[in-house]
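Subject: Structure handover

Hello,

Here is the structure I promised to pass on. Please open it alongside this note; my findings follow below.

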Amino acid sequence: MDRYSILVADSSETSRKLVINLLKQKGYKVYKATDGAGALRIARSIFPDLALIDINLWGIKAYEIGKIIEEDGLSTVVYMIRKPDDNFFKQLKNMNLYAYINKPVNSSQFYQTIEFSLMNLDKIKSLEKKVENLENTLKARKLINRAKGLIMENLDISENEAYKLLRSKSMDKCISMEKMAQKIINKYLPND
Amino acid sequence: MQKEYTKEAILKKAKELEVEFIHLQFTDVMGVMKNVSITIEQLEKALNNEIMFDGSSIDGFARIEESDMYLRPDLSTFVVFPWSPVGEKEARLICDVYKPDGTPFSGCPRNTLKKVLKEAAIKGYTLNVGPECEFFLFNTDEKGEPSLETHDNAGYFDLAPVDLGGNARKDMIFTLKEMGFEIEASHHEVAPGQHEIDFKYDNALRAADNIMTFKMAVRIIAQRHGLHATFMPKPVYGISGSGMHVNMSLASLDGNNAFYDENDEMGFSKVAYQFLGGILEHAPGYTAMTNPTINSYKRLVPGFEAPVHIAWSASNRSPLVRVPAKKGNSTRLELRSPDPSANPYLALAVVLKAGLDGIDKDMTPPAPVQSNIYDMKKVERKEKGIESIPSNLKEALKELSKDEVIKESLGEHIYQRFIDNTLIEWEQYSTKVTQWELDKYLRKF
């Protein structure tokens, strides 16, 4: 299995090195950034599984970086912060995961948060995929039903016959029934 | 951005899209965009031209005693920013600045351009402009400050090379299209890290608005990609600088290209020749406006496709004005000297004024040059009467001060503010000891 890749964006050299070492010990693939813009460049190049972002990152503000990374689907952000305040928790609510890393880093807590984040991400991703598949199937089914209805109406044939016609047409053209259905709808209802 | 909105339509649209903030934008004399930001509750007030701001706090704007200024939004410029995050939508309106007595403020560059456009309209013309804007995308250093690097030095061997600049440019085009731009072309330029995006020609006022919007969008999208976009004319010695070539044509009020005449050998009408005559005649005078920074003149040197000599040509790219081969409705002049540090409103105002003066005084341009002017000997250029554009900002200011036609188009207020501001900059620059001087003289003397 591929190793997880993690971006560490922290302007403090000491804490950056510490975090990177901890991650390397567990075998993660680690990338580093020392400023906000650098973090964005790396996120856009490698799409890491996780992006650990220190709240005091130099350059563009950490919250801004976090938003851009998640809005553009580059990665999932876990902030690192010394003293989380109310505003921080408010910002956290808008992020993919409700998780953060407390500084100074406590190694067992740190590993727990990283593993928790990666595992939850995998689950979210597989659920998202399922939802997407279901949505696509539903969309296809709607199209096929609509096309079937149009064929029945225009050729005055039974539902079963219409379905068979649709299926054989799409086989003839070597395209999916969904695409054929769309073509039929376009033909009968060009302005739809 | 051709939509014409009514007040009601804007209010409705803003509400529908859940816009929370509206930026009322205008441009100061030095070409920097300013924002007065209001909340949605104040939008109606803004649309009724009732939003006021303190003009004395803006660079080169107004004296303290005339500080109350009103913003009049141009309703056709309403755009919702595509990059604003979900739930916090922001929009903008470009505004004209008015005095409390309801007359246009003469220190507002957009008003200045409108004034010259009105002069053209009285003569029966509108100006169409297609700009070609170049810029650099640089990386930031480890502290997040802009650098001159175009590639990341941190070599990750397992990374396939990613064209960060190219991806950012794609994103920019996508965003600009969403904002209503029609993009004509976009490509990598000569220098590493340099890019160009051209958008479709439009009437001069809209083109100037578009240039300001373009610069803003490019900067914001670059930032989202971890890059720093700069419109500085010549950021790196020894490689090409960034220009903003201006393609211009006059249209008669019925919409036909007034520059085209099928009976002419070059396809040029009499008006086109007169306009060209004015553009060449006033080139020394308006250069301070098309190239308003100290750095601008480091781009205008031989060897980098930037013009140095006041001449025109149909084929060669070295002179100030090129006539692209396209004819018919696409007949146009390409002015190659302007750079993106120019205030687009003022740059287009002075260039149009120069052309109109050519028409008024029935000017005739000199014969076109067909060979590369850089290769000509000095004597040869002198024989042909080919002059140079000003070689630095100080010289350009001097030429501007001698050109009454260009000064008149700017108006006393803007002219004075521009001269004052620019002279301060020149003074600061002249008294600085540069690295070049240290390298040259520290050991020698």
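Which domains does the domain assignment of chain A give? It gives domain 1, residues 5-105, and domain 2, residues 131-188. Their centres, taken over C-alpha atoms, are separated by 47 Å. Please keep in mind that this is a predicted model.

Chain B is also divided into two parts: domain 1 covers 7-105 and domain 2 covers 115-437. The C-alpha centres of these domains of chain B are 27 Å apart. Their contact draws 11 residues from domain 1 of chain B and 18 residues from domain 2 of chain B. On the domain 1 side, 7 of the residues are nonpolar, 4 are polar and none is charged.

Where the chains meet

In the contact between the chains, 18 residues belong to chain A and 17 residues to chain B. On the chain A side, helix H2 (36-46) and helix H3 (62-71) each supply at least two residues. H2(A) gives the most, with 9 residues. By type, the chain A side has 8 nonpolar, 5 polar and 5 charged residues.

The cores

In soluble globular proteins, nonpolar side chains tend to be buried together. The largest nonpolar core here has 120 residues. Which of them touch the most other members? They are A:Leu7, A:Ala39, A:Leu52, A:Ile53 and B:Leu348. There is also a second, separate core of 20 residues. Its members include B:Leu43, B:Leu71, B:Ile94 and B:Phe105.

Take B:Leu348 from the largest core. Setting aside neighbours within four places in sequence, B:Leu348 is in contact with B:Leu113, B:Val129, B:Ala204, B:Ala207 and B:Ala208.

Two helices in chain B

Start with helix H12 of chain B, residues 404-431. If straight, a helix of 28 residues would span 40 Å at 1.5 Å a residue. The end C-alpha atoms of H12(B) span only 30 Å. Where does H12(B) bend? The bend is at B:Gly411, by about 105°.

Several residues of H12(B) are buried: B:Ile406, B:Ser409, B:Leu410, B:Ile414, B:Tyr415, B:Phe418 and B:Thr422. The buried residues of H12(B) pack against four helices of chain B: H3 (109-123), H7 (283-290), H9 (344-360) and H11 (393-402).

Now compare H3(B). Its 15 residues should span 21 Å at 1.5 Å a residue, and its end C-alpha atoms are 22 Å apart, so the two values agree. The buried residues of H3(B) are B:Pro109, B:Arg110, B:Asn111, B:Thr112, B:Leu113 and B:Val116. They pack against E1, strand E6 (89-98), helix H5 (204-224), H9 and H12 of chain B. After H3(B) comes B:Gly124, with a positive phi near 100°.

B:Leu117 is also in H3 of chain B. Is B:Leu117 buried or partly exposed? B:Leu117 has 19 other C-beta atoms within 10 Å, and a buried residue needs 20 or more, so B:Leu117 is partly exposed. Not counting residues up to four places away in sequence, B:Leu117 touches B:Leu127, B:Ala204 and B:Leu205. B:Thr150 is 33 residues from B:Leu117 in sequence, and the two are 40 Å apart in space, C-alpha to C-alpha.

Backbone details to look at

Most residues other than glycine have a negative phi, and most peptide bonds are trans. Three places in this model are worth a look on that score.

- A:Lys103 and A:Pro104 are joined by a cis peptide bond, with omega about -5°. A:Pro104 sits in the loop between strand E5 (100-102) and helix H5 (107-155) of chain A.
- A:Asp156 has a positive phi, near 55°. A:Asp156 lies in the loop between H5 and helix H6 (159-173) of chain A. With 8 other C-beta atoms within 10 Å, A:Asp156 is exposed.
- B:Glu18 also has a positive phi, near 55°. The loop between helix H1 (7-16) and strand E1 (19-27) of chain B holds B:Glu18. B:Glu18 has 12 other C-beta atoms within 10 Å, so this residue is exposed.

Best wishes

Key
Residues are numbered from 1 along each chain as its sequence is written. Chains are lettered from A and ligands numbered from 1 in the order in which they are written. This is a predicted model: local features need pLDDT of at least 70, side-chain atom pairs count only at pLDDT 80 or more; totals for chains, interfaces and linings use all residues. A nonpolar core is a set of buried Ala, Val, Leu, Ile, Met, Phe, Trp, Tyr and Cys residues joined through C-beta atoms within 7 Å. Two residues are in contact if their C-beta atoms, placed from the backbone, lie within 7 Å. Ala, Val, Leu, Ile, Met, Phe, Trp, Tyr, Cys and Pro count as nonpolar, Asp, Glu, Lys and Arg as charged, and the others, Gly among them, as polar. The expected span of a helix is 1.5 Å times one less than its number of residues. The bend at a residue is the angle between axes fitted to the seven residues ending there and the seven starting there. Domain bounds come from an automatic or database domain assignment.
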